[in-house]
Amino acid sequence: MLVYPGSAFEKLGYYAVKESVSTYLRSEMGFEELEAMKPVSGIKTIQAELKRLNEMMRLQQEESHIPFAHPWDVRDAAKKSRVKRAILDPESLHKTGLFCSTCRILKKFIMSKSANCPALAELAQYLVPLKELEDEISRVISEHGAVKDNASSELRQIRKSIASRKNDLRSTMDRIIRSMNKDGYLAEFEATIRNGRMVLPVRAEHKRKISGFVQDVSATGQTVYLEPAEALHINNDIRELEQQERREVERILMELTAKVGDQYSFLISNAANIGQFDLLIAKSSFCTRLNAIVPALKEQSVIHLRNARNPVLILKQRKLPKDERETIIPLNLTLEQEEKGIIISGPNAGGKSVSLKTVALLQMMVQSGLAITADEDTILPVFGSLFLDMGDDQSIDNDLSTFSSRLTWMRETLAKADENSLILIDEAGTGTDPEEGVALYQAFLEELYEKNCTMIVTTHHGNLKVFGHNHPAFANASMAFDQTRLTPTYQFVKGVPGSSYAFEISKRLGLDDKLLERARNLIGSSKNRLESLILDMEGQKQDASRLKSEVFQEKVKLEKLMNSYEQRLKTLTTERDKLREKALNEAKTIMDSANARIEEAIRKIVESKGDKKKIREIRSEIEQAKEQTEQDLKETATKRKSKNLSKKTDPPVVGDTVALDDARSAGELLEINGKQAVVLVNGLRIKTNYNRLVKTNKEPQKKEPTFKMEHFTEADSTPRIKPNLDLRGLRGEEAVNELTYYIDRAVQTRLSKVEIIHGKGDGVLKKRVHEILSGRKDVRSFELAPWEQGGPGCTIAELQ
């Protein structure tokens, strides 16, 4: 993506965003990737990068830890290892082993999430596990970066011999010291090392009384460091063994370095991929911190910004104490496909330039593979170039005045802009005679329209407002202004041009009325009428907005009430159907019983062969059964009628005395929220389903609660927090507040262990974290995490 001029990156805050992202990086490769990051214009490339970012953001939210422990820069070591008979130092080899381990573990972790993170899995495919090299380095080099004794059998034997001869030397020196101490020959009573050999500090006047060799003399000349003759051969043996050890270590390191060189191409490739992952994790952490989203992309020049906020303003506000932070007014800006430009006008310091910067910066961010600070229904196009005219680019070196610099910018823009260009102009028409400047910029905008460019322009000039009104492809817009308080509201309003409010603001600030009246006369009646018309339009629009807000609130209340009644109707219909079904089942049971008795009577008549006495007995039984059936039906109807009467009772409303359908206590109905209700019972606020409440005449107990408590049903979820807190990128008091709030929450939710990620850096943040943890009684203990969990960059705390 072409961005002109180059100073646009600084003016729009793009470098400030990159600097903030850099605080989350952990490798030199990641810093190089960030340095090379810039907006691109290929929509498929942008979509692929945004997909990886979206998956990483989701993965970081779902997982407490992503294995990325040791992204060391091993490229220099890999290059040196290719030289024949080269020897890498143990520390470089140790870091190479840790790097290989990080690549292998990260790839395994990402591939295990491939079902939900296919784009990340595709990137992880390029990581090559070097398990054999990793194991060989681990076998030879210790975790402290030293060659292990068992790196070879020869080295183990040599070091064993050195230890044995050093013990012999120590015993010999101790014996000599005890003997010389009696004669007062020694200046000190301990042996020391000079020129790599163990010697005794002897007073200078006694040096000829002891057989041995002088290795050194003190600065004062009063002490001679003498190697006793008895220790000479032992020291010689040790020196010889140490030389053997040095040669064996060099041989081992040379062989291991050669094995590193054999994997040179894979190490370089892995380093590049680790840099990509490092930047991706950093971008994800940055975007998550800002609650950013990945917008939808369109190939057409359609801009739908929903509640967009300038990330640079957010970052600045977060550096301030909470009581000094100001509310950032979101930007809602729409540019449809048939529209090619917006002319924004309004008062000074009303937010025009900030709106312009917000559109440009968010566009550059999304084309750099970054999420943006806006709502999820935001839609942005992909531009091939961005041209910005903002601020003063005058130059003494190039003999350019302010206006000359703007003319140079216009010339370059006309030469390079096309249908895929976004043109951003701040304060169009300034820098020269107003009439000539406005005419020049209007002609410039018309030329850009012929090129099918997308334009966003801010201005104070009325002629450009008229141009925006008359041209079918342009739209006027303004930054709203509270005419009552004479203060800007920083809200973007499309469709209405804005007044500069120069006279109104001047009057509010106490400028003389006579001077203002003279100024109005000087600008002419037509200008006054235009400004008055704009003021009236803005006033009417503000009144309409207030009315719309009131109507919307009433609509919400009405919908809430309708939903409540619909739910009650649904409940009553369900209960009616259940009662009808139950009644039919009871009737069927009675009829089945009657039929069974009739069939039994017929059977008996047949068996009696027409015996009249028997028939009379059977008839009597049938009459009794008939009376019993009628009685059962009568009782069933009575019960149903009683239930129907009880159901016809009016549903309880706020203020009624109610009881739960399975409780004895009565209470006062305080609130109804859809399906939920709050009842005051014995001084306690109980939250329950509205359908469980029944009106009652029983008086509720009026005991006043000493405290308020809401009872939540099983449907309510318990708040949960993540088992880790990432403080990287925070500074000073902000980090302290975040940590304190997080520990409080963790204790409340009874977490037993938490991870505090503070990064390595210069150790200031880690020290502050440890100070806070050590001062809390609810923290049982804390320690740095193991290497595979972050090492010095992470602290694990156990809670009470």
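**Exercise 1. Determine the volume of the largest cavity in this predicted model and describe its lining.**

Solution. The largest cavity has a volume of about 50 Å³. Next, identify the residues around the space: S564, Q567, R568, G674, K675, Y690 and N691 form the lining of the largest cavity. Finally, sort this lining by class: 4 residues are polar, 2 are charged and 1 is nonpolar. Glycine counts as polar and tyrosine as nonpolar in this classification.

**Exercise 2. State how many cavities of 30 Å³ or more the structure holds, and establish which helix gives the most to the lining of the second largest cavity.**

Solution. The structure contains 2 cavities at or above the 30 Å³ limit. The second largest cavity encloses about 30 Å³ of space. Its lining consists of L727, A735, V736, L739, L765, R768, V769 and I772. Assign these residues to secondary structure: helix 21 (732-748) and helix 22 (764-774) each provide at least two of the lining residues. Helix 22 contributes the most, with 4 residues. By class, 7 residues of this lining are nonpolar, none is polar and 1 is charged.

**Exercise 3. Explain why strand 13 (residues 454-458) is described as largely enclosed, and identify the strands that pair with it.**

Solution. Begin with burial, for which a residue must have under 20% relative accessible area. In strand 13, 5 of the 5 residues are buried, so the strand is largely enclosed by the rest of the structure. Then consider the two faces separately: T454, I456 and T458 are buried on one side, and M455 and V457 are buried on the other. Turn next to the pairing. Strand 9 (residues 341-345) runs parallel to strand 13 and is joined to it by 4 bridges. Strand 12 (residues 421-425) is likewise parallel to strand 13, and 4 bridges link the two. M455 illustrates both pairings: M455 is the bridge partner of G341 and also of I423.

**Exercise 4. Decide whether strand 8 (residues 331-335) is enclosed or open, and describe how strand 7 pairs with it.**

Solution. Count the buried residues: 4 of the 5 residues of strand 8 are buried, so strand 8 is largely enclosed by the rest of the structure. For the pairing, strand 7 (residues 303-308) runs antiparallel to strand 8, and 4 bridges connect them. Within this pair, I303 stands opposite L335 of strand 8.

**Exercise 5. Describe the largest nonpolar core and the contacts of F277.**

Solution. In soluble globular proteins, nonpolar side chains tend to be buried together. Here, the largest nonpolar core comprises 101 residues, and F277, F286, L305 and L386 have the most contacts inside it. Helix 11 (residues 264-289) gives the most to this core, namely 11 residues. Now examine F277: beyond its neighbours within four places in sequence, F277 is in contact with M56, F68, L106, I110, L120, L123, A124 and L127. A second, separate core has 21 residues, including M410, I423, Y441 and L445. I423 thus appears in the second core as well as in the pairing with M455.

**Exercise 6. Locate T257 and determine whether T257 is buried or exposed.**

Solution. T257 belongs to helix 10 (residues 229-262). Its relative accessible area is 0%, so T257 is buried. To see which residues surround it, set aside the neighbours within four places in sequence: T257 is then in contact with S81, A86, I87, L88 and L93.

Technical notes
Residues numbered from 1 in each chain as written. Predicted model: local features only at pLDDT ≥ 70, side-chain atom pairs only at ≥ 80, totals over all residues. Heavy atoms only, no water. Buried < 20%, exposed > 50% of the residue type's maximum accessible area, 1.4 Å probe, protein only. Pairing = 2+ DSSP bridges. Contact = heavy atoms within 4.5 Å. Core = buried A, V, L, I, M, F, W, Y, C linked by side-chain atoms within 4.5 Å. 1 Å grid on protein atoms, 1.4 Å probe; cavity = no way out; pocket = protein on both sides within 12 Å on 5 of 7 lines; lining within 4 Å. Points joined across faces, edges and corners; volume = space filled by probe spheres on them.
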